[in-house]
Amino acid sequence: MTVSNPHDLEPNPDASQRSSNAPKWLEPLVLLFPTGFWLVAFLLIPTLLILVQSFVPFGKTEFGLDNYQQVFKYVGGNFIYLVVVWRSLLYAAIATGFCLVIGFPVAYWLAIIAPKEWRNILLLLFVLPLWTSSLLRSYAWITILRPTGVLNSFLNLIGLSGINVLNKAEGVIIGMIYTYLPYMVLVLYTSLEKLDLRLLEAAADLGANSRQAFWQITVPQVSSGIIAGTALVSITSFSDYINPQLLGGPGSRTIASIIELQFLGASSNRGFGSALSMVLILAVTIVIALLIKYGDKRVVTDG
Amino acid sequence: MANAAVNSGNPIQKSFANPRIRKRWQTWYSLVAFLYMYLPIAVLTIFSFNKSPSPSQWTGFTWEWYSKFLQNPTLLAALTNSLSVALVAVSISAVLGTITAVGLARYYFPGKSLYRGTTYLPLIMPDIAIAVATLVFFAAIKLPLSLATIVIAHIVFCLAYVTVVVSSRLSNIDPKLEEAALDLGATPIQAFTRVLLPQLLPGIVSGCLLAFILSMDDFVIAYFTAGVGATTLPIAIFSSLRSGGVTPELNALSVLLIIASGSMAAIAEIVRGWGKH
């Protein structure tokens with residue numbers, strides 16, 4: 001990252017020069033170089049390295065597309081890896097949909113209906129579980145969902161037969177919804193907080209029913225928040241490792257698990273693992289590009 | 001969704017004419033959502049006091065699992081490792097992130113948006129991709145994996161969080177105060193430490209708390225960049241979950257962690273409140 005002479009952005013950019021004789025470029029360099037160096041050395045170069053490695057087929061030294069072709073590998077009537085990519089997309093889509101449907105009324109209540117002086121505290125309380133160990137939260141769901149767990153004890157108690165969702169897709173999705181719901185609510189809350197309620201009153205005065213008012217006034221006003229929340233949750237759930245690993249079974253492995261196997265597993269193939277990682281990064285880049293085009297950019301820039 | 005569902009069965013406009021019905025419905029709904037968020041935590045808490053090691057029945061109250069956890073050398077060593085990694089990574093990130101935020105607010109230079117974009121990258125890039133890239137990089141430069149390699153990798157995302165939080169705080173600060181200090185004869189360093197830094201402090205503290213929590217909780221990146229014996233708490237928890245040797249000690253540990261991070265969240269919120277008035 002090159003740092004050139006500071007330009008006049010602030011009214012008094014030379015103020016810092018007054019009492020020191022250091023050259024003009026020194027201060028920005030001191031302030032910005034360490035972070036720039038760290039991110040280039042330990043994030044950008046490593047990412048470029050896996051990009052290069054993804055083009056080096058297993059056991060070879062010259063470049064080739066084999067690793068990417070392996071993504072489409074067809075064994076015994078199945079696209080064994082494409083199925084995993086598809087499954088990851090499906091889980092992410094379902095989890096995101098549920099987070100949106102469950103989270104919207106909560107965010108609406110927190111931002112608009114709850115007593116004003118309590119809003120911050122209530123929002124904090126709602127997202128507090130995020131601050132606890134994500135592994136232990138998934139572990140708690142194992143305790144709840146296992147065949148002799150809390151859920152089935154409860155179902156038996158009220159005279160229903162137990163269900164078994166652990167080590168299956170349902171378990172993974174339940175875990176994902178739980179993990180990402182607070183993020184969705186946070187993003188939607190920021191958006192709903194700015195909702196202009198007078199427009200809703202005006203709509204009601206003009207004879208709109210609440211369904212019309214909701215779809216034609218509320219949703220368009222918070223659409224950027226909905227897009228941002230959807231992007232955030234779908235990115236993170238698409239690349240989730242913990243929930244599929246702990247709550248899923250062999251039939252519900254997702255792309256992150258396959259990547260892990262290529263690096264730390266017995267069937268290690270780093271080139272293929274790198275190719276899958278690049279697929280993941282590409283997917284995220286597409287979502288971010290769409291977000292920047294259609295959504296509320298502040299969510300990306302303000303974290 | 002929200003309003004439409006309430007409306008079913010009601011005459012049109014009824015719910016707007018009678019906002020109390022709408023509010024009551026949504027309040028109950030939100031209460032259920034809150035209960036849902038706390039259900040797993042409640043389950044962990046209850047079973048941490050359960051005499052029976054099996055989580056399927058309640059056989060009486062005990063503190064046993066807490067004392068067992070406090071005597072478990074593996075978990076305690078892992079906790080110490082996690083705390084050391086988080087402390088070192090966050091301290092370094094606090095300094096670098098703060099000066100970066102100040103530099104970004106103060107200077108224009110070619111490639112600035114690229115620089116800014118790079119600082120946001122760790123927030124957007126999937127953990128597993130960061131983990132894999134870092135592992136491959138360490139292998140390429142033949143750096144042996146250890147606790148230090150986890151610290152290096154954690155600084156990457158801690159740095160990003162501190163920079164973002166401090167930047168957003170900085171955008172609400174009046175730059176004229178620092179200029180006034182300079183006009184009144186303060187050296188740039190005095191102006192920075194006595195005028196700007198105190199104003200930035202709430203942002204720095206809440207950025208650091210966030211980074212600390214994320215570092216303590218990170219499993220994927222640490223799992224890939226940890227050397228032999230450099231077991232952090234999430235790695236220890238994961239391996240005991242995977243081996244099936246789950247004991248109620250983990251329940252006790254969860255409760256302690258929840259209390260610790262709950263207090264940290266409360267502190268962060270209070271600190272955030274300092275700056276807003």
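Colleague: What share of the 303 residues of chain A counts as buried?
Modeller: Quick ground rules: residues are numbered from 1 along each chain as its sequence is written, while chains are lettered from A and ligands numbered from 1 in the order in which they are written. This is a predicted model, where local features need pLDDT (the predictor's confidence in each residue, from 0 to 100) of at least 70, side-chain atom pairs count only at 80 or more, and totals for chains, interfaces and linings use all residues. A residue is buried if 20 or more other C-beta atoms, placed from the backbone, lie within 10 Å of its own, exposed if 12 or fewer, and partly exposed in between. Of the 303 residues of chain A, the buried share is 45%.

Colleague: What radius of gyration does chain A have?
Modeller: Its C-alpha atoms fill a box of roughly 80 × 70 × 35 Å along the principal axes. For a compact globule of 303 residues you'd expect a radius of gyration near 19 Å, by a rule of 2.2 Å times the number of residues to the power 0.38, with the radius taken over C-alpha atoms. Chain A instead comes out at 25 Å.

Colleague: Which helix gives the most residues to the side of chain B that touches chain A?
Modeller: Contact here is about C-beta atoms, placed from the backbone, lying within 7 Å, and by that rule 88 residues of chain B meet 84 residues of chain A. The chain B side is made up of 62 nonpolar, 20 polar and six charged residues. Helices are DSSP runs (H or I, at least four residues), numbered from the N terminus. With 14 residues, the top contributor is H3(B).

Colleague: Which residues does Met37(B) touch, leaving out those up to four places away in sequence?
Modeller: Met37(B) sits in helix H3 of chain B, which runs over residues 19-48. It counts as buried because it has 21 C-beta neighbours inside 10 Å. Leaving out those sequence neighbours, its partners are in chain A: Phe126(A) and Pro129(A).

Colleague: Why is Lys142(B) exposed?
Modeller: Lys142(B) is in the loop between helix H7 (127-140) and helix H8 (147-170) of chain B. Although not a glycine, it has a positive phi of about 55°. It counts as exposed because the number of other C-beta atoms within 10 Å is just 6.

Colleague: And Asn167(A), how many C-beta neighbours does it have inside 10 Å?
Modeller: Asn167(A) also has a positive phi, near 65°, without being a glycine. Its loop links helix H6 (150-157) to helix H7 (169-192) of chain A. It counts as partly exposed because its number of C-beta neighbours inside 10 Å is 19.

Colleague: Which element of chain B has the lowest mean pLDDT?
Modeller: Chain B as a whole has a mean pLDDT of 85, with 88% of its residues at 70 or more. Helix H11 (residues 220-225) has the highest mean among the elements, at 95. Over residues 1-17 of chain B, though, pLDDT stays under 50. The lowest mean, 42, belongs to residues 2-7, that is, helix H1 of chain B.

Colleague: What ipTM does the predictor give the complex?
Modeller: Where pLDDT is low, the predicted coordinates shouldn't be read in detail. For the complex, the predictor gives a pTM of 0.85. The ipTM it gives is 0.84.

Note on methods: Helix = DSSP H or I, 4+ residues; strand = E, 2+ residues; numbered from the N terminus. Contact = placed C-beta atoms within 7 Å. Nonpolar A, V, L, I, M, F, W, Y, C, P; charged D, E, K, R; others polar.
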